[in-house]
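The following paragraphs go through a structure step by step, beginning with one helix and ending with one chain as a whole. Keep the sequence and the coordinates at hand while reading.

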Amino acid sequence: MFKDLDPILHSQLRLAVMSLLLSVKQAEFTFIKEKTNSTAGNLSVQVQKLKEAGYIEVIKEFKDNYPNTTCKITSKGIKAFEEYVKALQQYLQVKK
Amino acid sequence: MEEKQLSNEESLKLINRMIYEAKGYFYESGISGLVYGFSITICSLLTYFREKEMLAFPFDPFYLMTPIFFLQGWIQYKEEKKKKAKTYIDESIDYVWLGYFLSVFAALCGNFANAGYIIITIILFLTSLAAFITGMLTKFRYHVICGIICMLISIASFFMQNVNIYLLLAVMAVMVWLIPGFILRAHFKKQQHNL
């Protein structure tokens, strides 16, 4: 029986953000924007969706008098990501 | 990057690419290494000349390290703020060096029991270990080799329980902090230039 792929993760930008955050302890919004090559507006929307799903934590603070947003993956996010990768592997094994 | 649905293969490729991108992130200006390198080398040499009575110095030169620690703490704080991402390797290295400095302070307590030059030997071993682990974590081959050479220097220090041990400490400071400091600084400047 195949598991359904998590619709929150099964989109290019959200998956890219989650993969990045999985590999670092925390990252600034500008870092994610640079690495994913996305626009600030689009990234903000996707980050908000991930936050609402409880997959990431968003910390807003001031750095040198400028607003700074930092993102961090949550344990729920890690679990969802692992489930997603397992489901993907299942699909790909059947294809072979 | 656009918001679009992915095929399963594309998803796996994207995950791999992003993990690779994140792990490749590195921010190190080399200033910390230079500050420690210069200060420990200078303090070791001053102590050597003072104990050889070639130089009059009003107090133990290593007392100068106290303000250096505060200065270094401030520099570290500023550097951390400039990092756009904190990797797990960064965090592990911070713990290694925090453990190192706490162990050095603990070893310095041997002065209360007049432990003598063996304290420097302990510090040399601790430095070799921290350099070796840092090299292994960052895959910076220089630090791995340097750690091994410093372990040999530490062994040699058992046979040099006299004032000359400060020269070994100076050599180690140059190898562990000063040279990597210059390498990282050059790399950092090059990186900034390319931006």
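This is a predicted model. A convenient place to start is a helix of chain B, α6(B), in which B:His143, B:Cys146, B:Gly147, B:Cys150, B:Ser154 and B:Ser157 are buried. Viewed down the helix axis, the buried residues of α6(B) fall within an arc of 105°, so they line one face of the helix. The general geometry is familiar: an α-helix has 3.6 residues a turn, so residues three or four places apart point the same way. What does the buried side of α6(B) pack against? Its partners are α5 (118–138) and α7 (165–194) of chain B. The face turned away from that buried side carries B:Arg141 and B:Leu152, which are exposed. The length of the helix can also be checked: α6(B) has 17 residues, 141–157, and at 1.5 Å a residue it should span 24 Å; the C-alpha atoms at its ends are 24 Å apart, which agrees.

A second buried position in chain B is B:Gly37, in helix α2 (residues 31–51). This glycine counts as buried because it has 21 C-beta neighbours inside 10 Å, where the cut-off is 20 or more. Which residues does B:Gly37 contact, once neighbours within four places in sequence are left aside? They are B:Ala173, B:Val174, B:Trp177, B:Leu178 and B:Gly181. For B:Ala173, which is 136 residues away along the chain, the C-alpha atom is separated from that of B:Gly37 by 5.2 Å.

Next comes the contact between the chains. Chain B contributes 23 residues to it and chain A contributes 26 residues. On the side of chain B that touches chain A, the elements giving two or more residues are α1 (8–23), β1 (85–87) and α4 (88–108). Of these, α1(B) gives the most, with 10 residues. By type, the residues on this side of chain B comprise 10 nonpolar, four polar and nine charged.

The two chains also share a sheet. It is an open sheet of four strands in the order β2(A)-β3(A)-β1(A)-β1(B), and the pairing is antiparallel. Which strands stand at the edges? They are β2 (56–63) of chain A and β1 of chain B; each has a single partner strand, so one side of each is left without a neighbour in the sheet. From one strand to the next, the twist averages 20°. Helix α4(B) packs on this sheet, where it touches β1 of chain A together with β1 of chain B, and its direction makes about 65° with that of β1(B).

The pairing can be followed strand by strand. Between the chains, β1 of chain A (residues 24–28) runs antiparallel to β1(B), and three bridges join them. Here A:Val24 has B:Thr87 as its bridge partner. Within chain A, two bridges join β1(A) to β3 (residues 66–73), again in antiparallel fashion. In this pair, A:Ala27 is bridged to A:Cys71.

Finally, consider chain A as a whole. It has four helices and three strands, which follow one another from the N terminus as α-β-α-α-β-β-α. Along the principal axes, its C-alpha atoms fill a box of roughly 55 × 25 × 20 Å. Of its 96 residues, 33% are buried. Among contacts in chain A with a separation of 6 or more, 56% come from residues 24 or more positions apart.

Technical notes: Residues are numbered from 1 along each chain as its sequence is written. Chains are lettered from A and ligands numbered from 1 in the order in which they are written. This is a predicted model: local features need pLDDT of at least 70, side-chain atom pairs count only at pLDDT 80 or more; totals for chains, interfaces and linings use all residues. The expected span of a helix is 1.5 Å times one less than its number of residues. A residue is buried if 20 or more other C-beta atoms lie within 10 Å of its own, exposed if 12 or fewer, and partly exposed in between; C-beta atoms are placed from the backbone. The arc is that of the directions from the helix axis to the C-beta atoms. Two residues are in contact if their C-beta atoms, placed from the backbone, lie within 7 Å. Ala, Val, Leu, Ile, Met, Phe, Trp, Tyr, Cys and Pro count as nonpolar, Asp, Glu, Lys and Arg as charged, and the others, Gly among them, as polar. Two strands pair if DSSP finds at least two bridges between them. Axes are lines fitted to C-alpha atoms, for helices over the stretch in contact, and angles run from 0 to 180 degrees between N-to-C directions.
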